[in-house]
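User: Hey, I'm new to this one. Can you walk me through it?
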Amino acid sequence: MSSTTYDVLIVGGGVSGTALLYELARYTDLSSVGLVEKYDHVAIVNSHGRNNSQTIHCGDIETNYTVEKARVTKRTAGMVVNFATKLSESERDHIVYKYPKMVLAVGAKECQFLRKRFETFKPLFPNLKLLERDDIAELEPKVVEGRRPDEEIVALGSTDEYTAVNYTTLSEAFVSEGEKAAAEKGMNFDVRLSTAVEDIRKEGDVYKVKTDKGELSARYVVVSAGGHSLLFAHKMGYGLDKSCLPMAGSFYFTPKVLNGKVYTIQNENLPFAAVHGDPDVLVEGKTRFGPTALMLPLLERYNGKTFWEFLKVLRMDRNVVKALWDLMKVRDIRNYIFKNFMFEVPVLRERLFHGDIKKIVPSLDVKDVSFAKGFGGVRPQLIDKSKQKLVMGEAKINPGTGIVFNMTPSPGGTSCLGNAEKDMYLAQEFLGFNIDKDAFERDLLTGEIELTELERPEASSLM
């Protein structure tokens, strides 16, 4: 192992960790940055296209987003698009993809809700269109085909935007572009794959990061390792008021029945994504529907060894029990959990899920629905034990001691560059290096998607 003491060392090579690596290399005057990833490739766990919906979430068709949250999400989504579209065409075309997208309302109540939402959100999203039945039929014929003529439908959507992303190839580009930027300025840039972190401890002003291949040193550490971030935090005595409840998502394939992404309206009583249909950037000629949601006692979907790590981060006590009990008291949540448990039962699951996706494509036959084996990841849903409730959205533990722990459930992938921006400024506050803000804005805040001053956060919001 190198005896280098990194200025910043990142633990975790998913899209969030690699985004931060890129930003530190491209926009700072640090002398040494590094990243450690336990697998032999970046972004092959939750960031892999099999394990997420491959969606660039902007906040326009996610009906559980407020205008305020949509404004923030639009900015971070724009950063991903601007990064990708400044690459060569051959690189870009393997990272971001243009598909039409819409959120569908079915029935008078949902349609009234969407029409009202359109008036509220159209100033923030100028490309957002209100789509009536004929408009929907033109974009997505199968959404209208086989539907009763008297069934009221309406949608909000857009037709000429980048809406899908392969987060693995995006992460590869972050590493590649970061390496180029570091080489130009003589920065030490180090990516260590197949290197598992076993322990982190602080000795004086330096963190010692013990791996299965030796020990590394760093002045500042950012842990971006999903549910494992909380495990490392707990080991160091941080975030003990948080517990982790891993939520697994599964998917189903049908023949290609949609041209783009079709979402449905979120149930306000459910903290989980409503069912939607998407083109799959990894599987041609298919439409992928999902996700379902099921509590799974693993920090990684297909890694049984993470069961014992799950037990450690669950930290079961009366506060966790109370939070779970309060969830189960809500009828919609209780029914949802039971139904999603049944979605994991072979043979039965295809029939049950078919009933759900007929809301999107009425003409689908149950024989067209197949369980997407090997697809679906785990979202580390946090529980605030002191408040006895779920923590929605991204979570960050920053004790102010030169180490930060990130847990980034959806839309964590979309927010990768925005979250990295926050971490870059936190590291600057602790270490005192310089950031090229002009280059940052030129690269990531102008281009394919340009933001108004209203949509740009104040500098203080990044600190």
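Analyst: Sure, we can go through some salt bridges and then a sheet with its helices. Keep in mind that this is a predicted model.

User: Okay, how many salt bridges are there?
Analyst: The count comes to 27 salt bridges.

User: Pick one for me. What does Lys 101 meet in a salt bridge?
Analyst: Its side chain meets that of Glu 161, at 3.4 Å from N to O. Lys 101 sits in strand E4 (residues 101-106), while Glu 161 is in the loop between strand E6 (153-158) and strand E7 (162-165), so the pair ties together parts that are 60 residues apart in sequence.

User: And is Lys 101 buried or exposed?
Analyst: Lys 101 counts as buried, because its relative accessibility is 3% and the cut-off for buried is under 20%. Glu 161 also counts as buried, with a value of 18%.

User: Which residues are linked with those two in a network?
Analyst: Asp 60 is in there: Asp 60, Lys 101 and Glu 161 are linked in a network of salt bridges.

User: Got one inside a helix? What about Glu 177?
Analyst: The side chain of Glu 177 forms a salt bridge with that of Lys 180, at 3.1 Å from N to O. Both lie in helix H7 (residues 167-185), three residues apart, which is about one turn of the helix. Lys 180 is partly exposed, at 43% relative accessibility.

User: One more pair. Where do Asp 280 and Arg 288 stand, buried or exposed?
Analyst: Both Asp 280 and Arg 288 are buried. Their side chains meet in a salt bridge too, at 2.7 Å from N to O.

User: Let's switch to the sheet. What's the strand order?
Analyst: Four strands form an open sheet, in the order E17-E12-E19-E20, with antiparallel pairing. Strand E17 (294-295) and strand E20 (389-391) are at the edges with a single partner strand each, so one side of each has no neighbour in the sheet.

User: How many bridges join E12 to E17?
Analyst: Two bridges join strand E12 (residues 242-248) to E17, and the two strands run antiparallel. In one residue pairing, Ala 248 has Leu 294 in E17 as its bridge partner.

User: Which helix lies across E12?
Analyst: Helix H8 (residues 227-235) lies across E12 and strand E19 (378-384), running at about 160 degrees to E12. Helix H10 (residues 318-328) packs on the sheet as well, touching E12, E19 and E20. The direction of H10 makes about 110 degrees with that of E19.

Note on methods. Residues are numbered from 1 along each chain as its sequence is written. This is a predicted model: local features need pLDDT of at least 70, side-chain atom pairs count only at pLDDT 80 or more; totals for chains, interfaces and linings use all residues. Side-chain values use heavy atoms; hydrogens and water are left out. A salt bridge is a side-chain nitrogen of Lys or Arg within 4 Å of a carboxyl oxygen of Asp or Glu. Buried means under 20% relative accessible area, exposed over 50%, partly exposed in between (1.4 Å probe, protein chains only). Two strands pair if DSSP finds at least two bridges between them. Contact means heavy atoms within 4.5 Å. Axes are lines fitted to C-alpha atoms, for helices over the stretch in contact, and angles run from 0 to 180 degrees between N-to-C directions.
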